[in-house]
Amino acid sequence: MREQTVRLTMAQALIAFLKQQYVERDGVENPFFAGCFGIFGHGNIAGIGQALQQNPDLRYYQSRNEQAMVHAAIAYAKVKQRLQTLACTTSIGPGATNMITGAATATINRLPVLLLPGDSFARRNVAPVLQQLEAEHTQDISVNDCFKPVSRYWDRITRPEQLLTALPEALRVLTSPAETGAVTLGLPQDVQTEAYDYPTAFLRRRVWRVPRNRPDRAALELAAKWIRGSTRPLIIAGGGTIYSEATEMLRQFVDATGIPVGETMAGKGSLRYDHPLCLGAIGATGTLAANRLAHDADLVIGIGTRYSDFTTASKTAFQNANVRFININVTAFDATKHHALGLVGDACATLAELTELLAGYQAPAEYCALARRLHDEWDAEVERIYGLRLTPLPSQGELIGAVNELSDPGAIMVCAAGSLPGDLHKLWRARNPKNYHMEYGYSCMGYEIAGGLGSKMAAPERDVYVLVGDGSYLMLAQELVTAVQEGQKLIVVLFDNQGYKSIGALSRSLGQTGFGTRYAYPQNGTLPGDEAEEIAPLPVDLAANAASLGAQVIRCQTYADFTAALKTARRSERTTVIYIQSDRLHGVPGYESWWDVPIAEVSEMPAVREARAEWETMRAKERSFL
Ligand SMILES: Cc1ncc(C[n+]2csc(CCOP(=O)(O)OP(=O)(O)O)c2C)c(N)n1
Ligand SMILES: [Mg+2]
């Protein structure tokens, strides 16, 4: 029997294939690709560009910067629980390499995105072409090889028929909760336009099922035994809890067992902030409640967490000599961290089985009472910070409080870098599992506005608040233009503290007086740190900048201006940037925690030597769980 075929260019076949990919979980089916972001150049306009033009049902979205479009696509995927994403097409050379930071952000955060950078001619005879990297030792290399370490699957399509084997692999990785991340297919610009007789069967509708794998039964029974034997158990809820949609199951588990919960950056929102056993943030940017209980916990139950240094306070968070770990995770890689008893499986399915096995079990009453008391005390601390009315410049903490209190509980708040993530991790009152959208795997400055755009595209019915510092804004604000163009309304809160408040505070804690973290003119041939009393502000107007990109802008000075602006922005139909200056030095304190940033071992600066001595004391508390 002769196979039926259809003659298409490689690019046309690729787009036709993407349109037919569906994902199914719990009986709900959705197309996996919501569209394709792209910036065209000679490396993709005639190939993927032509194919997209001919297939308007896979919506093409413009972007202003290739890094930003990857951020937008992965924010979309994050809001969609990794069950949907977008593809990203670029030209060759700089357009392609601009996506590398985005690829790393995707892979580190375990978020799916399909990257389609153009690549140099496979035919080679006209080389070197514009923007091609030449190498003397091989012709089998291009700038796209730089994507290899930051991609979960990487390939280069040098013949049109290679799509037949490459695309199914790409989709297997993208739709796998355990393997997902950036998938990169380098597409030589000539091959994109070459025709081939593709089997029509290749372009049929395909459904990728996302399973809810169950862990090994013996391991589950042992885990139940460990929990029953524990007197100070603590749950750490990570991002996997939310992606698995295990949050309701977690609440039932907590209600049944009385085990309190600390939340990671990606896991915040797993339990509502006002649940009496929700201790909020854990680790370096954690609450007193979570960090106190972590300190003495005899059993830590990690759910969907990577145990980053922020979560473990650089391995100092757990000081009980006999502490053990049970890790529920879809990847064996994460499940075995800290020499844990690994429950390799889906968070929701695993928690359901564990709940049954623990029937009748309750954590000791005294311990639960302590957890509840710490929860209440923390709530009072948040209230105190929300209520600070610092003058002349308001504090970041009270401004966060205003955004929280004046936003709809169903809203999405997006953030990524600077001093905001630490403050938000502690202070944000998460009222739904998607309320706190923090990119903190890569903490990539520039994610914020692009990520806000992707979030709004994924959930147009929700208000999206982007909280961004002046430094991050200056790095990548251009997607404001795309938000305006696409009619995707964002509320952007721009915190101007004239520099890097976060790194300034870090620098101070290392004995380095804010060196290099202020936006200021050089004085005596160097950039001034804290020692300079009088500094003339740079003639920079970020509010005017935002207005020039098409946003409606509200300038604020006081807390009262700010709350009024939030109300106006919420009612408005337009993308609105609320601009406010806040205090550069006043910060939210740490709560019995630490983060390991190594300090110079020898120095001419006495403050650095002092900080180094303190660092050595803390360093000695780092544990390895063997
Ligand atoms: C792309 C990128 N470059 C550098 C850093 C290191 N870094 C972390 S926070 C920060 C400063 C952020 O400044 P801003 O957005 O103004 O926030 P603030 O610290 O003032 O709150 C820098 C440079 C980073 N996280 N991402
Ligand atoms: Mg700043």
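Helices here are DSSP runs of H or I with at least four residues, strands are DSSP runs of E with at least two, and both are numbered from the N terminus. With that in hand, Pro128 is easy to place: look in the loop between strand 7 (113-119) and strand 8 (153-156). Keep in mind that this is a predicted model. Here's a quick tour of helix 1 and its partners, the surroundings of ligand 1, and a few unusual spots in the backbone.

**Helix 1 and helix 2**
- Two packed helices are described by the angle between their axes and the distance between the axes.
- For helix 1 (residues 10-19) and helix 2 (residues 45-54), the axes come within 8 Å and cross at roughly 50 degrees.
- That makes the two helices oblique to each other, because angles that are not roughly parallel (under 35 degrees), roughly perpendicular (65 to 115) or roughly antiparallel (over 145) count as oblique.
- The crossing of helix 1 past helix 2 is right-handed.
- On the helix 1 side you'll find Ala11, Gln12, Leu14 and Ile15, and they meet Gly47, Ile48, Gln50, Ala51, Leu52 and Gln54 of helix 2.
- Sort these contact residues by type and you get six nonpolar, four polar and no charged.

**Helix 1 and helix 6**
- Helix 1 also packs with helix 6 (residues 163-174): their axes come within 11 Å and cross at roughly 35 degrees.
- Helix 1 passes helix 6 in a right-handed crossing.
- Met10, Ala13, Leu14 and Phe17 of helix 1 make this contact with Leu163, Leu167, Pro168 and Leu171 of helix 6.
- Here the split is eight nonpolar, no polar and no charged.

**Around ligand 1**
- Ligand 1 has 15 residues around it, and the closest are Ser419, Asp470, Gly471, Lys501 and Ser502.
- A polar backbone atom of Gly471 sits 2.7 Å from an oxygen atom of ligand 1.
- Ser472 also brings in a polar backbone atom, 2.8 Å from an oxygen atom of ligand 1.
- For Lys501, a polar backbone atom is 2.8 Å from an oxygen atom of the ligand.

**Backbone oddities**
- Most residues other than glycine have a negative phi, and most peptide bonds are trans.
- Back at Pro128, the peptide bond joining it to Ala127 is cis, with omega about -5 degrees.
- Thr391 and Pro392 are joined by a cis peptide bond too, with omega about 0 degrees.
- Pro392 belongs to the loop between helix 14 (365-386) and helix 15 (396-405).
- His338 isn't a glycine, yet its phi is positive, at about 65 degrees.
- You can find His338 in the loop between helix 12 (332-335) and strand 17 (341-344).

Terms used. Residues numbered from 1 in each chain as written. Chains lettered and ligands numbered in written order. Predicted model: local features only at pLDDT ≥ 70, side-chain atom pairs only at ≥ 80, totals over all residues. Heavy atoms only, no water. Axes fitted to C-alpha atoms, helices over the stretch in contact; angles between N-to-C directions. Left-handed = near helix turned anticlockwise from the far one by under 90°. Contact = heavy atoms within 4.5 Å. Nonpolar A, V, L, I, M, F, W, Y, C, P; charged D, E, K, R; others polar. Near = heavy atom within 4 Å. Polar contact = N/O pair within 3.5 Å; in protein donor to acceptor, adjacent residues only side chain to side chain.
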